[in-house]
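Q: I would like a careful look at one part of this model, with enough of its surroundings described that I can place it. Please begin with the general layout and then work inwards.

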Amino acid sequence: MRRRIAGVGMLAAAGVLALAVPAQAATGYLVVNGVPHQNPQRGCYATSSPVSLQNYTNSIVLVHAAGNCQGPVTAEVDPGQSATTFGASYFVF
């Protein structure tokens with residue numbers, strides 16, 4: 001009985017660890033309106049419009065028309081690409 005409880009406990013712990021998603025950052029530099037950001041964390045960021053992006057990271061960046069990464073995507077900036085568009089926020093993957 002004791003082994004069975006220990007086995008269930010270990011399975012539960014493994015499941016929790018498997019579901020835990022570590023915070024990830026893009027590797028490289030993202031230049032937003034002339035300001036460089038080294039290894040930006042994944043997430044949504046506010047910006048002013050028009051927004052100029054130079055993506056020197058390994059991640060895609062989406063520019064959104066509204067704040068909080070809402071509204072239509074006005075630009076998808078792939079790694080190594082640049083864009084100037086209107087937008088109120090951007091999301092780093």
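How many helices and strands are there in the chain? After that, please look closely at strand β7: which residue in β7 is the bridge partner of Q54, and what is T85 in contact with, leaving aside its neighbours within four places in sequence?

A: The model is a predicted one, and its chain contains 1 helix and 8 strands. Read along the sequence, these elements follow the pattern α-β-β-β-β-β-β-β-β, so defined that helices and strands are numbered from the N terminus. Of the 93 residues of the chain, 28% count as buried, and the chain exposes about 6,100 Å², of which carbon and sulfur atoms supply 61%. Among the contacts with a separation of 6 or more, residues 24 or more positions apart account for 50%.

Strand β7 belongs to an open sheet of 4 strands, in which the order is β2-β1-β4-β7 and the pairing is antiparallel. Within that sheet β2, covering residues 35–38, and β7, covering residues 82–85, stand at the edges, and each has a single partner strand, so one side of each is left without a neighbour in the sheet. Neighbouring strands here are turned by 15 degrees against each other on average, direction ignored. The partner of β7 is strand β4, residues 51–57, and the two pair in the antiparallel sense over 4 bridges. In general, strands of a sheet pair through backbone hydrogen bonds, either parallel or antiparallel.

Two residues of β7 can be followed individually, and S82 is a convenient place to begin. S82 is found in strand β7, and it is the residue that serves as the bridge partner of Q54. If neighbours within four places in sequence are left aside, S82 is in contact with L53, Q54 and V77. The bridge partner Q54 therefore also appears in this contact list, where contact means heavy atoms within 4.5 Å. Across the same pairing, the C-alpha atoms of S82 and S52 are separated by 7.6 Å, although these two residues are 30 residues apart along the chain.

T85 also lies in strand β7. With a relative accessible area of 14%, T85 is buried, because the cut-off for that class is under 20%. Leaving aside its neighbours within four places in sequence, T85 is in contact with P50, V51, V63, T74 and A75. Of these contacts, V51, V63 and A75 are members of the largest nonpolar core.

That core has 11 residues in all, namely A26, L30, V32, V51, L53, V61, V63, A75, V77, Y90 and V92. The elements that give two or more residues to it are β1, covering residues 28–32, together with β4, β5, β6 and β8. L53 and V77, which are contacts of S82, are members of this core as well. As a general point, nonpolar side chains tend to be buried together in soluble globular proteins.

The contacts of T85 with V63 and A75 lead on to the other sheet. This is again an open sheet of 4 strands, with the order β3-β8-β5-β6 and antiparallel pairing. Its edge strands are β3, residues 43–46, and β6, residues 73–77, each of which pairs on one side only, and the twist averages 20 degrees from one strand to the next. Inside the sheet, 4 bridges join strand β5, residues 61–64, to strand β8, residues 89–92, and these two strands run antiparallel. V63, a contact of T85, has Y90 as its bridge partner in β8. V92, a further member of the core, is in contact with A26, L30, P40, Q41, R42, G43, Y45, I60 and V61 when its neighbours within four places in sequence are left aside.

The second sheet also takes part in a covalent link. The chain has 1 disulfide by the rule applied, formed by C44 and C69, whose sulfur atoms are 2.1 Å apart. C44 lies in strand β3 and C69 in the loop between β5 and β6, so the pair ties together parts that are 25 residues apart in sequence. The link is right-handed, with 105 degrees about the S-S bond. C44 is partly exposed at a relative accessible area of 35%, whereas C69 counts as buried at 15% relative accessibility.

Technical notes. Residues numbered from 1 in each chain as written. Predicted model: local features only at pLDDT ≥ 70, side-chain atom pairs only at ≥ 80, totals over all residues. Heavy atoms only, no water. Pairing = 2+ DSSP bridges. Axes fitted to C-alpha atoms, helices over the stretch in contact; angles between N-to-C directions. Core = buried A, V, L, I, M, F, W, Y, C linked by side-chain atoms within 4.5 Å. Buried < 20%, exposed > 50% of the residue type's maximum accessible area, 1.4 Å probe, protein only. Disulfide = S-S within 2.5 Å. Areas by Shrake-Rupley, 256 points an atom, 1.4 Å probe, with all protein chains shown as cover.
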